[in-house]
Amino acid sequence: MINIIGLGPNRENITLSALEALEKSDVIIGYKKYIDSISDLLEDKEIIKKGMGDEIARGDIAISKSIQGKTVALISSGDPGVFGMANVLFQIMAKYKDFDSKKDIKIFPGVSSVNYSASLLGAPLHDFAAISLSDILTPLSEIEKKIEYASRADFIIAIYNPISKTRKKPFRRFKEILMETKDPKTLIGIVDSSENLNKRKNTENLNKKEKNKNANFLSKTEIPSKTSVVTLDNLNEEDINMSTTLIVGNSSTYLQDGYMITPRGYVVKSQIHPLSEEFYTKYLAGESPIGPNETCEYYPCHDMEDGKQQCDFCYCPFYPCGDSSTGGEWIKGKNVWSCKDCKWIHEEATVECVKKSLNNILEEVDDLTIKKKELLKLRKHCISETRRKK
């Protein structure tokens with residue numbers, strides 16, 4: 001029997017099922033650093049440590065020990081199915097006649113680096129792609145293609161194995177491709193677990209009584225990973241190492257109170273303001289302003305970078321969007337959504353994008369609330385369209 005076990009990113013996040021599987025295993029096989037990090041849990045076990053690059057050997061030994069009747073724990077950090085040992089074992093198992101994979105393999109998932117990193121950064125994940133920048137086994141051309149397509153599709157991108165002392169080109173190409181395809185102000189979360197890994201090497205021994213107190217002992221040796229959020233144009237190679245996970249935001253990701261947030265587009269319900277109702281009555285009748293309305297006593301009510309404010313949507317059709325990615329925010333304690341710092345709806349490219357579809361959604365003024373979901377999907381589409389590079 002082989003238990004393929006994900007240890008998670010640190011001791012605090014090892015699952016109860018993984019702990020039980022370790023306890024029931026006779027033989028523990030894994031990368032030496034990972035085994036050292038849980039050495040106090042492995043008393044009276046046969047320990048087989050292997051170095052980086054010995055993944056096939058680990059799998060072969062695990063199957064051989066299982067055929068001998070041993071219960072084997074094949075361990076990975078994070079989740080074993082995400083750049084871990086599960087893929088390796090399933091790749092080689094067919095060559096063993098006496099090994100029944102249907103009965104003799106059980107996988108214990110672990111908290112992956114992307115989930116752990118996201119939990120420290122706030123709520124950055126939506127639809128996402130996880131890409132390893134290691135070109136040891138993968139051609140750089142394939143990595144480049146994955147980065148480009150994920151970026152152009154506006155996925156959140158989780159980056160594993162970003163850089164090492166001898167492997168710097170993939171990271172440099174990663175940044176170059178993003179600079180070619182994304183807004184340079186795109187947010188990137190950086191989670192550095194190197195201090196955490198160093199602490200795990202020196203874990204103090206705990207007696208069996210303490211081991212059984214799973215909820216208590218796991219946090220005793222834990223120190224937080226370092227986190228920071230930068231913009232793409234300020235992403236520096238010097239801040240990245242092999243123990244770093246990067247989370248690249250999409251066109252809607254924003255920073256608030258130190259947290260990296262990617263909104264999902266939920267409807268914030270609100271009544272239509274009388275002035276907005278009056279404006280959209282004129283809009284539907286073709287009587288609203290087009291382009292800069294310089295006759296308005298408030299023009300320009302926003303300080304636009306190009307000096308021209310488009311007034312086609314003097315009252316935003318998406319109000320309240322509840323999404324700070326374009327500059328709006330809640331006035332704390334007032335339950336009021338403020339658009340004071342949102343210029344996006346007054347940009348020429350935005351007006352052009354919104355107008356292509358708005359008339360198909362907005363047939364009467366009440367549709368501003370009745371069809372709010374459709375309107376917010378249009379908003380999200382236009383954010384992506386106006387913020388990506390062609």
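A cavity is a set of points, on a 1 Å grid over the protein atoms alone, where a 1.4 Å probe fits but cannot get out, and its lining residues have an atom within 4 Å of a point. The structure examined is a predicted model, in which local features need pLDDT of at least 70 and side-chain atom pairs count only at pLDDT 80 or more, while totals for chains, interfaces and linings use all residues. Residues are numbered from 1 along each chain as its sequence is written, and side-chain values use heavy atoms, with hydrogens and water left out.

One cavity of 30 Å³ or more was found. The volume of the largest cavity is about 90 Å³, a volume being the space filled by probe spheres set on the points, which are joined across faces, edges and corners. Its lining consists of Ser252, Pro263, Arg264, Gly265, Tyr266, Cys321, Asp323, Leu376, Arg379 and Lys380.

The largest nonpolar core (buried Ala, Val, Leu, Ile, Met, Phe, Trp, Tyr and Cys residues joined through side-chain atoms within 4.5 Å; buried means under 20% relative accessible area with a 1.4 Å probe, protein chains only) has 23 residues, of which Tyr280, Phe313, Phe318, Trp344, Val354, Leu358 and Leu378 touch the most other members. A second, separate core of 21 residues includes Ile147, Ile157, Phe174 and Leu232. Beyond its neighbours within four places in sequence, Leu358 is in contact (heavy atoms within 4.5 Å) with Tyr283, Phe313, Pro317, Leu375 and Leu378.

At the start of the chain, Met1 touches residues including Ser66, Val72 and Ile105, when residues up to four places away in sequence are not counted. The C-alpha atoms of Met1 and Arg387 are 51 Å apart in space.

Note on methods: Buried means under 20% relative accessible area, exposed over 50%, partly exposed in between (1.4 Å probe, protein chains only). On a 1 Å grid over the protein atoms alone, a cavity is a set of points where a 1.4 Å probe fits but cannot get out, and a pocket is an open set with protein on both sides within 12 Å along at least five of seven lines; lining residues have an atom within 4 Å of a point.
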